[in-house]
Amino acid sequence: MVVAAAESGDTPSGGRVSLVSVGKTFGHGDDSVLAVDDVSLNINPGEFVVLLGPSGCGKTTLLRMIGGLEQATVGSVSISAAAGAGGGVATAFQDPRLFPWLNVAENIALPLKLRGRPASERRARASQLCALVGLTGFETVRPTTLSGGMKQRAAIARALSVEPSTLLLDEPFGALDAMTRDQMNLELQQIWMSTGATVVLVTHSITEAVFLADRIVLLSPRPGRIHKTYDVEFDRPRDIDVQTGARFQEIVRDIRHELNGFSS
Amino acid sequence: MNIFRKLVPYLLPAFAVVTFFVGWTAYVRIAGISEFILPEPLVIFRAFIELLGEPDIWGHAWVTVYETLSGFGIAIVVGVSLGVVMGKVRAIEIALKPFVIATQVVPKIALVPLFIVWFGFGPESKIVISAVLSFFPIFSNTLLGIKSIDRGYHEVMTTFDAGRYHRFTMLELPSALPNILTGMEIGIVLAIIGAIVGEFIGGNKGLGYLSVATMQELQVDTLFGVIMLLAMIGLAMYFAVMMLRRLLVPWHESASSWNG
């Protein structure tokens, strides 16, 4: 994938995300479920943070609170971006959620249309982003004809269209096969490095987490609390071979051990 | 052999149609059915051609088409608007529910004499009847379309700070359009029925009036001719709405599954 050609001149800097004693309860009274409990986390500008945990641990809920799709029951969530930084927070979901009545370029540029940007700018930005995510030549295609991986690329490109200072990714590659997933992880790393945005990724794949993250936040099962954090300090850009290294395996083994501890 | 196999899908229905008309003719002749009850197909065809040659037939046809399309147009505007509003505002949906159920269960044809009393013998009463009949399917399908929009799509609009206007034009309307078109397909047929039934009861114009008049003059062959003309108008209108689906929602499965 060619990244350099698609880079925009004004690279936005990343947003700073801070969570202070955040908790989330669903429902009321006896039926209420505590999904997230007392999570405090500071994410630095430009950092790549992965939220990892067993299913149902509230990691998606946590991400949705950062993205403003859920309100925290207690605590505070704040995101600040440096002056001149782009369009705040953007989210790409587990399912691509592309609008079937729009073609790929129109889907990617939808957020710009919502902000009233002129058609010429939207077209230019869409083809730029298509190049960035490897969808050049598919601009006028309807999303229903794309493969799963290509749909996710388009969804990520849509999120990037607003030049977000913070990019939230909710298991975007969860439905993809292993080979496509490796490829997408490499491309995501490239995109992140070229945009300088802060990325928060939710996943339940340990290797994906270790491969991509600057920092892994391991959450315990319901209610979700921060169980342990890992700093992952491999050089960037990482290639797929880093996964076979001893240190990589060591971190994976340790996380797996912690996760097994939850279920026993 | 190969060519014959390709022609089978066309030959078979053609054969069935020819057999039907031959059987009809044979039945009328052998059983000695009166021409005032059931004329032979060829007699009807001749009457139909004669009917098309008459100068005032096109005036009658135009009146029926005008009433149907006006009523249908009103039904689209009111049905879609009300469907959208009720689909979006829960309080209005709950408040108006009794009225919706009432309009659904009352046999609307029974209201026809009332509309004639209110709106007179002119085209206005027929337009109202057309609109009332075709309103419900358009309204209910619009409501269904608006309410069944994927929650995930709404979240996409939320994350990108879409305003109410954009949420409507960029998500709700296009997403509900396949349902609205389904309502329109049912509605156009009911709109024609509304206009014809209205003409049965009052007035002296339109193909509905003409069919009652020919019946009273025992011109059964001409009556069949009027019915054929009505069928053709109905077919053309239904076909037009179907084409609208291909034009407006080419992305939807319903547009491709129809191989016409």
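Read along its sequence, chain B of this predicted model follows the pattern α-α-α-α-α-α-α-α-α-α-α, and its secondary structure accordingly comes to eleven helices and zero strands. The C-alpha atoms of chain B fill a box of roughly 75 × 65 × 30 Å when the box is taken along the principal axes. For chain B the radius of gyration is 23 Å, whereas a compact globule of 260 residues would have a value near 18 Å. Buried residues account for 35% of the 260 residues in this chain. Among the contacts in chain B that link residues at least 6 apart in sequence, 76% join residues that are at least 24 apart.

Within chain B, one helix pair can be described in detail. Two packed helices are described by the angle between their axes and the distance between the axes. The axes of helix H3 (residues 57–88) of chain B and helix H6 (residues 123–147) of chain B come within 6 Å and cross at roughly 35°, and the crossing of H3(B) and H6(B) is right-handed. Sorted by class, the residues in the contact of H3(B) with H6(B) comprise 20 nonpolar, nine polar and four charged residues.

Chain A, by contrast with the strand-free chain B, contains an open sheet of six strands, in the order S5-S6-S7-S3-S8-S9 and with mixed pairing. The edges of this sheet are formed by strand S5 (89–92) and strand S9 (226–231) of chain A, each of which pairs on one side only. Neighbouring strands of the sheet are turned by 15° against each other on average, direction ignored. Strand S6 (residues 166–170) and strand S7 (residues 198–203) of chain A pair in the parallel sense over five bridges, and Asp170(A) has Val202(A) in S7(A) as its bridge partner.

On the other side of the strand order, strand S3 (residues 48–52) of chain A pairs with S8(A), again in the parallel sense, over four bridges, with Val217(A) in S8(A) serving as the bridge partner of Leu51(A). Strand S8 (residues 215–219) of chain A is largely enclosed by the rest of the structure, because four of its five residues are buried. S8(A) is also joined to S9(A) by five bridges, and these two strands run antiparallel; here the bridge partner of Arg215(A) is Asp231(A) in S9(A). The connection between S8(A) and S9(A) is a hairpin that passes through six residues.

Helix H1 (residues 59–66) of chain A is likewise largely enclosed by the rest of the structure, since eight of its eight residues are buried. The buried residues of H1(A) are Lys59(A), Thr60(A), Thr61(A), Leu62(A), Leu63(A), Arg64(A), Met65(A) and Ile66(A). H1(A) is followed by Gly68(A), whose phi is positive, near 80°.

The contact between the two chains takes 15 residues from chain A and 13 residues from chain B. On the side of chain A that touches chain B, S5 and helix H3 (110–114) of chain A each supply at least two residues, and H3(A) gives the most, with three residues. By class, this side of chain A has ten nonpolar, two polar and three charged residues. Strand S5 of chain A thus appears in two settings, as an edge strand of the open sheet and as a contributor to the side of chain A that touches chain B.

Methods: Residues are numbered from 1 along each chain as its sequence is written. Chains are lettered from A and ligands numbered from 1 in the order in which they are written. This is a predicted model: local features need pLDDT of at least 70, side-chain atom pairs count only at pLDDT 80 or more; totals for chains, interfaces and linings use all residues. A residue is buried if 20 or more other C-beta atoms lie within 10 Å of its own, exposed if 12 or fewer, and partly exposed in between; C-beta atoms are placed from the backbone. Two strands pair if DSSP finds at least two bridges between them. Axes are lines fitted to C-alpha atoms, for helices over the stretch in contact, and angles run from 0 to 180 degrees between N-to-C directions. A crossing is left-handed if the near helix is turned anticlockwise from the far one by less than a right angle, and right-handed if clockwise. Ala, Val, Leu, Ile, Met, Phe, Trp, Tyr, Cys and Pro count as nonpolar, Asp, Glu, Lys and Arg as charged, and the others, Gly among them, as polar. The radius of gyration is taken over C-alpha atoms; the globule rule is 2.2 Å times the number of residues to the power 0.38. Two residues are in contact if their C-beta atoms, placed from the backbone, lie within 7 Å.
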